[in-house]
Amino acid sequence: MTIAPARTLTALVTGATAGIGRAVALRLAADGSHVVAHGRDPERGAQLVKEITAAGGTARFVTADLANAGEARALAAAAGKVDILVNNAGIYTFTSTPGTSAESFDEQFAINTRAPFLLVGALAPGMAERGHGFVVNITSTAATSPAPIGGAYGASKAAIELLTRSWATEFGPSGVRINGVSPGPVRTAGTTAMLGENIEMMGKVNLRERIGEPEEIASIVQFLIHADSSYINGTVIVANGGERSTLPQ
Ligand SMILES: NC(=O)c1ccc[n+]([C@@H]2O[C@H](COP(=O)([O-])OP(=O)(O)OC[C@H]3O[C@@H](n4cnc5c(N)ncnc54)[C@H](OP(=O)(O)O)[C@@H]3O)[C@@H](O)[C@H]2O)c1
């Protein structure tokens, strides 16, 4: 048996300056990927690169405001040849339909849906040309579980779930695997800022009776870019602790 030397893959992780994206960047770097870490905050970006480098990995930081289509395209250009794209950057606003402004609706769709669309459009053709690559989209259980607030956010993530399946049919035949991870509530900078102490309450409704940790999402992303998941393409893995039965107990 010949063992081929491992090739370093380049992973672009959007929203790597906090929460789930940061955990994904650390996990993929520890796994041997060269990480192009994206975010807006240069201080937290530099701190992440320092942490990865200190642990023996390699990374660089690229900043871009993904609410802006031009900056999303510039991010793809700055990232260069990418083998793994993790579309993680996102915002969530849990407001009613009449309480959601056109600006808020547009911002959520620009960051959560349009930016991944532009990044895949710019980077997946190169992966297809090289005959291999991975895209992992971080969606949300809000994409599939209706709720009286957060409809615009859920819709922006439902669009990404449809795109995950579409992109798998578009690029899958060329050797690119495109999947998603749909988390339930996870303890991050974003959810902590939004919910404060109520964050623990969010976990009470699932079968594990707790909220998730960013590392529990990062490990699924790692699985989806490994040969261990070679038969998985165009699907979304749900990580929400398990739904309770809706039947009367
Ligand atoms: N946490 C949860 O419970 C949960 C559940 C389901 C799905 N998700 C999804 O998981 C992803 C990450 O969530 P999180 O809770 O980890 O988020 P978070 O802690 O709020 O961090 C958000 C990340 O996205 C970046 N970001 C936000 N707006 C941006 C913009 N306009 N341009 C570029 N980058 C921007 C932030 O960068 P800077 O900080 O540098 O600005 C940061 O790195 C999101 O897509 C979210 O919808 C989260």
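Mentor: Let's get one term straight before we start: a polar contact is a pair of N or O atoms within 3.5 Å of each other. Also keep in mind that this is a predicted model.

Trainee: Okay, so how far is an oxygen atom of the ligand from an N or O atom in the side chain of Lys157?
Mentor: The cut-off for a polar contact is 3.5 Å, and the Lys157 pair meets it because both partners are N or O atoms within that limit. On the Lys157 side, the atom belongs to the side chain, and its distance to the ligand oxygen is 2.8 Å.

Trainee: Which residue has a backbone N or O atom 2.9 Å from an oxygen atom of the ligand?
Mentor: Don't mix this one up with Gly190, where a polar backbone atom is 3.0 Å from a ligand oxygen. The residue with a backbone atom at 2.9 Å is Ile20.

Trainee: Which residues come nearest to the ligand?
Mentor: There are 34 residues around the ligand. Two of the nearest ones, Tyr92 and Tyr153, will come back when we get to the rings. The complete set of nearest residues is Thr17, Asn88, Tyr92, Tyr153 and Thr188.

Trainee: How many aromatic pairs does a search of the whole structure find, and how far apart, centre to centre, are Tyr92 and Tyr153?
Mentor: The search turns up five aromatic pairs. In the Tyr92 and Tyr153 pair, the planes are 65 degrees apart, and the label is edge-to-face because that angle is over 60. Their centre-to-centre distance is 5.7 Å.

Trainee: How many residues apart in sequence are the parts that this pair ties together?
Mentor: Tyr92 sits in the loop between β4 (84-87) and α4, while Tyr153 belongs to helix α5. That is why the pair ties together parts of the chain whose separation in sequence is 61 residues.

Trainee: Is Tyr153 buried or exposed?
Mentor: Its partner Tyr92 has 27% relative accessibility and counts as partly exposed. For Tyr153 the relative accessible area is 7%, which is under the 20% cut-off. That makes Tyr153 buried.

Trainee: What about Phe117 and Trp167: what kind of pair do they form?
Mentor: Their ring centres are 6.3 Å apart, and the planes meet at 40 degrees. The pair links distant parts of the chain, with Phe117 in helix α4 and Trp167 in helix α5, 50 residues apart. Phe117 is partly exposed at 45% relative accessibility, whereas Trp167 is buried at 3%. Going by the angle, the pair is tilted.

Trainee: Which residues do ring pairs link into a cluster?
Mentor: We've already met two members, Tyr92 and Tyr153, as an edge-to-face pair. Add one phenylalanine and the cluster reads Tyr92, Phe94 and Tyr153.

Trainee: Let's move to the cavities. What is the volume of the largest cavity?
Mentor: The structure holds two cavities of 30 Å³ or more. Lys157 turns up again here, in a lining that also includes Asn87, Asn137 and Ile160. α4 (102-130), β5 (133-138) and α5 (151-171) each supply at least two of the lining residues. The volume is about 40 Å³.

Trainee: How many residues of the lining of the second largest cavity are nonpolar?
Mentor: This cavity has a volume of about 30 Å³, and α4 gives the most to its lining, with four residues. Among the lining residues are Leu66, Ile111 and Leu119. No charged residue appears in the lining and three are polar, while the nonpolar count is six.

Trainee: Which residue's side chain joins that of Asn87 through a polar contact of 2.9 Å?
Mentor: Asn87 is in strand β4 and is buried, with a relative accessible area of 5%. It lines the largest cavity and the second largest one too. Its side-chain partner at 2.9 Å is Asn137.

Trainee: One last stop, the loop between α7 and α8: what is phi of Glu209, which lies there?
Mentor: Arg208 is in this loop as well, and it is exposed at 54%. Glu209 is partly exposed at 48% relative accessibility. Its phi is positive, in a residue other than glycine, and it is near 55 degrees.

How values were computed:
Residues are numbered from 1 along each chain as its sequence is written. This is a predicted model: local features need pLDDT of at least 70, side-chain atom pairs count only at pLDDT 80 or more; totals for chains, interfaces and linings use all residues. Side-chain values use heavy atoms; hydrogens and water are left out. On a 1 Å grid over the protein atoms alone, a cavity is a set of points where a 1.4 Å probe fits but cannot get out, and a pocket is an open set with protein on both sides within 12 Å along at least five of seven lines; lining residues have an atom within 4 Å of a point. Grid points are joined across faces, edges and corners, and a volume is the space filled by probe spheres set on the points. Ala, Val, Leu, Ile, Met, Phe, Trp, Tyr, Cys and Pro count as nonpolar, Asp, Glu, Lys and Arg as charged, and the others, Gly among them, as polar. Rings of Phe, Tyr and Trp (its six-membered ring) pair if their centres lie within 6.5 Å; planes under 30 degrees apart count as stacked, over 60 as edge-to-face and the rest as tilted. Buried means under 20% relative accessible area, exposed over 50%, partly exposed in between (1.4 Å probe, protein chains only). A residue is near a molecule or strand if one of its heavy atoms lies within 4 Å of it. A polar contact is a pair of N or O atoms within 3.5 Å; within protein, one must be able to donate a hydrogen and the other to accept it, and residues adjacent in sequence count only if both atoms are side-chain atoms.
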